[in-house]
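Reader: I would like to learn how to read a model of this kind, feature by feature. Could you take me through it, giving the general idea before each case?

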Amino acid sequence: MSNILEMKQVSKSFPGVKALQKVDFSLEKGEVHCLIGANGAGKSTLMKILAGVYTKDEGEILLEGKSVAIKTPSDSKELGISTIYQELSLVEELTLAENIYLGNYLNPNGGFIKWKQLNEEAKKIFSLLGLSIAPSLQTSSASMGLKQMTEIAKAIASDCKIIVMDEPSTALSGDEVEKLYEVIRLLKGKGYTIVYISHKLEELYAVGDRVTVLRNGEWVITDRLENISQPELIQHITGRKIEKKEKVHHTTHREEFLDVKNFSNKKIHDVSFSVKKGEIVGLYGLVGSGRTELLRAIFGADPIDSGEIYIDGSKKNISSPQKAVDHGMGLVPENRKTEGAILDLSISENAFLPSLRAYSNRSFVKRKQMKAVMQEMIEKLNIKTSSKEVPMRNLSGGNQQKVIISKWLIHQSRLLLFDEPTQGIDIGAKDEIYTIMKELSEDGKSILMATSEIEELLAVCDRVLIMFNGRLIKEFSTPANYKSEIMNIAVSG
Amino acid sequence: MTVNIERNEEREARFPSFKVILKKYNLFFIFLGFIIIGSLLSDQFLSVQNILNLLQQSSFVGIISIGMTFVILVAGIDLSVGAVLALTGMLATLMISSGMNPAAAIAITLVVGAALGFVNGFISTKFKVPAFIATLAMMVSARGLAFLTTDGNPIYDLPPSFTALGGNVFGKIPLTAIIWIVLTIVAVIVLKYTTFGRKIYAVGGNAESARLSGIPVEKYVTWCFIISGTLAAVAGILMSAWLTVGQPTAGTGLELDVIAAVVLGGTSLFGGKGSIGGTFIGVLIMSMIVNIFNLLGLSSYYQSVFMGVIIVLALIMNQYISNKK
């Protein structure tokens, strides 16, 4: 089969980091090509070079056999390459149709908008994708799945040949992911070439024809997916073997650390439960079931209307995150970039945010001592960074998450609240985060973790609480034996 | 591979290349450029007397710019500083001219400045009124109050014990300039080495992350407004001592000079990025432009036109250099 695109020996450096080293990547016309690798492996960099966001230092790009120069995003678009980023780029206040034709409104000369034509054309594209949707819907009221479809429609409207999808399934529900697969297969049938970036291996096998693995900025392997087993793939990604671990249950939990009684606010209703010292408790439920809201309420980030909270047996009034932190809690929030990290500050400054008082002398910070502790954390958590003073922005997602966890290790928090701790994180780093959690629990620290990944829940948690519509509806104390029940109850209530 | 990277970075840290220096200290090079231009255009530019004048004239904007840097670092803005300067200047001179001990009058005035700053902070954090609007309202009201104190009349008859604050020490070094420099050093230390300073950067960089790390964001934002109000009062007191008169029109439009100097100094209006050192140089660059025009005997109308052009050019150059690898 002929290659529609070839990237040959592409290299790219950023200050202090070789992001890509002589990487080869090629696409056959009409295939779904998966691109996978750990965070920081270089897949985003490679795709951003293709999209014209970055320019390559070395190498060559051939499109249909001809050498092309991609210097800006518009170069890329003109060559028929369309990229859909993980953070969707739709304008929320406009209609779906307007977003699809954003830029020229089907009317390159300007002037009045031909609404009827605009909506009809948009509708045609949606029906091409097998969807019947009113294109005049305002984007902000569309579901994530629909927004994703609109991005795809936008790509098609721009007359592209190659569509790059960067982790398209991240925010989608199970049904929406199925729909996405369908649309991808449909597009493939129509001759579009698709690059599919994802961390989730099942997804690759569900939609992909071939896969390319990158590791540390270098090409590792390109092969047809049917020739490569899942464990082999994991080994290529991480460079080492990962054994699947089953949770060993400690039944020696002692006294309770956290006791929540009758918690209620707008999003959660009459929730009561407790977490013992050294216990890992999972919170499972659909998106919108109130998991995040419960964690935020316990942490004092959102107000409660009624309810009591006991820590170590005594009643506490936790009306702000500040008080929660003072009482030994730490939150690893769902949105790393907007709630967890301060991207322009160094990793060391991020890590010491909650502990500045402890690491200061008459309010002057003790830099030397902080340096030593940070070094310890970098080694303990295997944070990949060239220095302690690197801005958080330059780290990959998994490493940012480790820095956020290190905040609470440094602060010696006794209860850690994790909200989707491994979302968008590669397999290697995921496994490391599970190990950290287990070590914490062996240390007698308590963990409450909200997750929507059932495998994660079964691998890590001692006990599972199921939430539905803001209520706690069921508890399983040996979760591994009840996988299908847990999933059923979470969906049906 | 990781090892090599570390070595490179260490080497970079020890022997930074010229490019790295140029990028990091580009503002300083722009500053040097202005000094060279000034000394070429006028023989008097680098004379001791002229440098002292320059420092004297910069000191009022300079002192207020320190407070403004704190406010802008937490992604706020304080439009009321010019009016607060006038109101506190009137208050101090009114109390002193009616016979109060200057030290007591100054203490009371500083508290009033802090209180006005607190009101700005309280309104913008508790009621979620954008700082732009809250301080705009304060600007209008404080200016009105400044006129009300004396029905718009200036206050003369100030004792030498007070006006000495606007004079010179050690022969001919202006006291206001010394106060500005000392306050600058204190602010540098606070922002760089204290927990308060580091939290300011955290709050400005990402308020939600800071809050979820247990930092009481509203409290720190309010403190920044208090610092800004207090320093506006310091400038108000010093300016009336220097002019030997309390004037309700003092500092009209000053807030814009201050904001321009802070932004010129590299502080981001989005918060979280910037430094007092940059602000110090930003203030000096603005004063130098005025100074060069004065030495050349050009009218203040030209000054205004060129000031605008030069600020924009300097910022464009700054952007260009810092984006270049």
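**Reading the sheet, the chains and their contact**

Author: In this predicted model, chain A has an open sheet of four strands in the order β12-β11-β14-β15, with antiparallel pairing. β12 (271-276) and β15 (314-316) of chain A stand at its edges with a single partner strand each, so one side of each is left without a neighbour in the sheet. Direction ignored, neighbouring strands of this sheet are turned by 20 degrees against each other on average.

Reader: How many bridges join β14(A) to β15(A), and which residue stands opposite Ile309(A)?

Author: Strands of a sheet pair through backbone hydrogen bonds, either parallel or antiparallel. Strand β14 of chain A, residues 306-311, is joined to β15(A) by three bridges, and the two run antiparallel. Ile309(A) has Lys316(A) of β15(A) opposite.

Reader: Where does Ser264(A) lie, and what does Ser264(A) touch?

Author: Ser264(A) belongs to strand β11 of chain A, which covers residues 256-264. Leaving aside residues up to four places away in sequence, Ser264(A) touches His269(A), Asp270(A), Ile304(A), Asp305(A), Ser306(A) and Gly307(A). Ser264(A) counts as partly exposed because 16 other C-beta atoms lie within 10 Å, a count between the 12 or fewer of an exposed residue and the 20 or more of a buried one. Tyr54(A), 210 residues apart from Ser264(A) along the chain, has its C-alpha atom 48 Å from that of Ser264(A).

Reader: Are the faces of strand β16(A) covered or open, and how does β16(A) run against β19(A)?

Author: To read a strand's faces, one looks at the residues on each side in turn. In β16 of chain A (residues 329-332), Met329(A) and Leu331(A) on one side and Gly330(A) and Val332(A) on the other are all buried, and both faces are covered. Four bridges connect β16(A) with β19(A), and these strands run parallel, with Gly330(A) opposite Leu416(A) of β19(A).

Reader: What does the span of helix α15(A) tell me, and which of its residues are buried?

Author: For a helix, one can compare the end-to-end span with the value expected from its number of residues. Helix α15 of chain A has 16 residues, 427-442, and reaches 23 Å from its first C-alpha to its last, close to the 22 Å expected at 1.5 Å a residue. Its buried residues are Gly428(A), Ala429(A), Lys430(A), Ile433(A), Ile436(A), Met437(A), Leu440(A) and Ser441(A). Their cover includes the helices α8 (230-238), α14 (397-410) and α16 (454-460) and the strands β13 (280-284), β19 (415-419) and β20 (446-451) of chain A. After α15(A) comes Gly444(A), with a positive phi near 90 degrees.

Reader: Which residues other than glycine have a positive phi in chain B, and where do they lie?

Author: Most residues other than glycine have a negative phi. Two cases in chain B can be set beside that rule. Lys128(B) has a positive phi near 55 degrees and lies in the loop between α6 (102-126) and α7 (131-150) of chain B; Lys128(B) counts as exposed because it has 8 C-beta neighbours inside 10 Å. Thr244(B), also not a glycine, has a positive phi of about 55 degrees and sits in the loop between α12 (217-243) and α13 (254-264) of chain B. With 15 C-beta neighbours inside 10 Å, Thr244(B) counts as partly exposed.

Reader: How should I read each chain as a whole, beginning with the helices and strands of chain A?

Author: Chain A has 17 helices and 22 strands. Its radius of gyration is 24 Å, close to the 23 Å that the globule rule gives for 493 residues, so chain A is as compact as a globular protein of that length. Of these 493 residues, 45% count as buried. Chain B has 15 helices and two strands, and its radius of gyration of 21 Å agrees with the value near 20 Å for a compact globule of 325 residues. In chain B, 46% of the 325 residues count as buried.

Reader: How many residues does each chain bring to the contact, and which element of chain B supplies the largest share?

Author: Chain B contributes 26 residues and chain A 29 residues. On the side of chain B that touches chain A, α1 (2-14), α10 (195-205) and α11 (207-212) of chain B each supply at least two residues, and the largest share, seven residues, comes from α10(B). By class, this side of chain B has ten nonpolar, nine polar and seven charged residues.

Key
Residues are numbered from 1 along each chain as its sequence is written. Chains are lettered from A and ligands numbered from 1 in the order in which they are written. This is a predicted model: local features need pLDDT of at least 70, side-chain atom pairs count only at pLDDT 80 or more; totals for chains, interfaces and linings use all residues. Two residues are in contact if their C-beta atoms, placed from the backbone, lie within 7 Å. The radius of gyration is taken over C-alpha atoms; the globule rule is 2.2 Å times the number of residues to the power 0.38. Ala, Val, Leu, Ile, Met, Phe, Trp, Tyr, Cys and Pro count as nonpolar, Asp, Glu, Lys and Arg as charged, and the others, Gly among them, as polar. The expected span of a helix is 1.5 Å times one less than its number of residues. Two strands pair if DSSP finds at least two bridges between them. Axes are lines fitted to C-alpha atoms, for helices over the stretch in contact, and angles run from 0 to 180 degrees between N-to-C directions.
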